[in-house]
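Here are a few exercises to work through with the viewer open. Try each task before reading its solution.

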Amino acid sequence: MATLEIECPVCAEVLELTDEDRAELQVGDVIVCDSCHSEMEVTRNDGGEDFELELLGAMTTCPNCDEEFEVTAEMLQAAPMTRAQDGVEVALMTCPHCRAKFELELADEES
Ligand SMILES: [Zn+2]
Ligand SMILES: [Zn+2]
């Protein structure tokens with residue numbers, strides 16, 4: 001049975017989808033990453049390698065104004081990456097509410 005491996009856009013965990021899994025998935029369905037619990041919506045599922053996901057975004061809370069907002073794949077790509085003092089890779093996010101910048105630690109468990 002063919003297994004499609006997709007990489008979580010947030011934590012790079014590899015998610016395996018069997019043909020059986022995919023047969024049950026429809027465009028618009030949501031997959032949740034086992035590792036970081038990000039939600040991804042299926043945007044294409046036409047068989048073979050023809051499979052696409054769109055990150056629905058992880059929710060995070062701004063440490064400055066306490067507003068919760070969604071971190072999308074675009075925001076992560078646009079965010080400068082840096083390393084915190086303990087060597088953890090963090091993204092420098094800008095809060096859409098108060099415009100404060102803060103470091104967002106990506107849920108990148110050791111794998
Ligand atoms: Zn993940
Ligand atoms: Zn804020």
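Before we start, a definition: two strands count as paired if DSSP finds at least two bridges between them. Keep in mind that this is a predicted model.

**Exercise 1.** Work out how strand 4 and strand 5 pair, and find the bridge partner of Val42.

*Solution.* Start with strand 4, which covers residues 39-45. Strand 4 pairs with strand 5 in the antiparallel sense, over 5 bridges. Now go to Val42: its bridge partner in strand 5 is Leu53.

**Exercise 2.** Put the strands of the open sheet in order, and explain which of them stand at the edges.

*Solution.* The sheet has 3 strands, and their order is 3-4-5 with antiparallel pairing. Strand 3 (30-32) and strand 5 (51-55) each have a single partner strand, so one side of each has no neighbour in the sheet. Those two are therefore the edge strands. As for the twist, neighbouring strands here are turned by 40 degrees against each other on average, direction ignored.

**Exercise 3.** Locate Gly48 and decide: buried or exposed?

*Solution.* First, the location: Gly48 sits in the loop between strand 4 and strand 5. Next, count neighbours: 8 other C-beta atoms lie within 10 Å of Gly48. A residue is exposed if that count is 12 or fewer, so Gly48 is exposed. Finally, look across to Asp19: the two C-alpha atoms are 9.0 Å apart, although 29 residues separate Gly48 and Asp19 along the chain.

**Exercise 4.** List the members of the largest nonpolar core, then follow Cys33 to its contacts.

*Solution.* The largest nonpolar core has 7 residues: Cys8, Val10, Cys33, Met40, Leu53, Leu55 and Ala58. Leaving out residues up to four places away in sequence, Cys33 touches Cys8, Val10, Cys11, Glu13, Leu15 and Ser38.

**Exercise 5.** Trace the two hairpins that strand 9 takes part in, and pick out the positive phi in each turn.

*Solution.* Begin with strand 8 (residues 81-83) and strand 9 (residues 89-94), an antiparallel pair with 3 bridges. Thr82 has Val90 in strand 9 as its bridge partner. This hairpin leaves 5 residues between its strands, and Gly87 in the turn has a positive phi of about 85 degrees. Moving on, 5 bridges join strand 9 to strand 10 (residues 101-105), again antiparallel. Here Met93 stands opposite Phe102. There are 6 residues between strand 9 and strand 10, and the turn includes Arg99, with a positive phi of about 70 degrees.

**Exercise 6.** Say how the protein divides into domains, and how far apart their C-alpha centres lie.

*Solution.* The domain assignment gives domain 1 (3-55) and domain 2 (58-105). Their C-alpha centres are 24 Å apart.

How values were computed. Residues numbered from 1 in each chain as written. Chains lettered and ligands numbered in written order. Predicted model: local features only at pLDDT ≥ 70, side-chain atom pairs only at ≥ 80, totals over all residues. Helix = DSSP H or I, 4+ residues; strand = E, 2+ residues; numbered from the N terminus. Axes fitted to C-alpha atoms, helices over the stretch in contact; angles between N-to-C directions. Domains from an automatic or database assignment. Core = buried A, V, L, I, M, F, W, Y, C linked by C-beta atoms within 7 Å. Buried ≥ 20, exposed ≤ 12 C-beta atoms within 10 Å, placed from the backbone. Contact = placed C-beta atoms within 7 Å.
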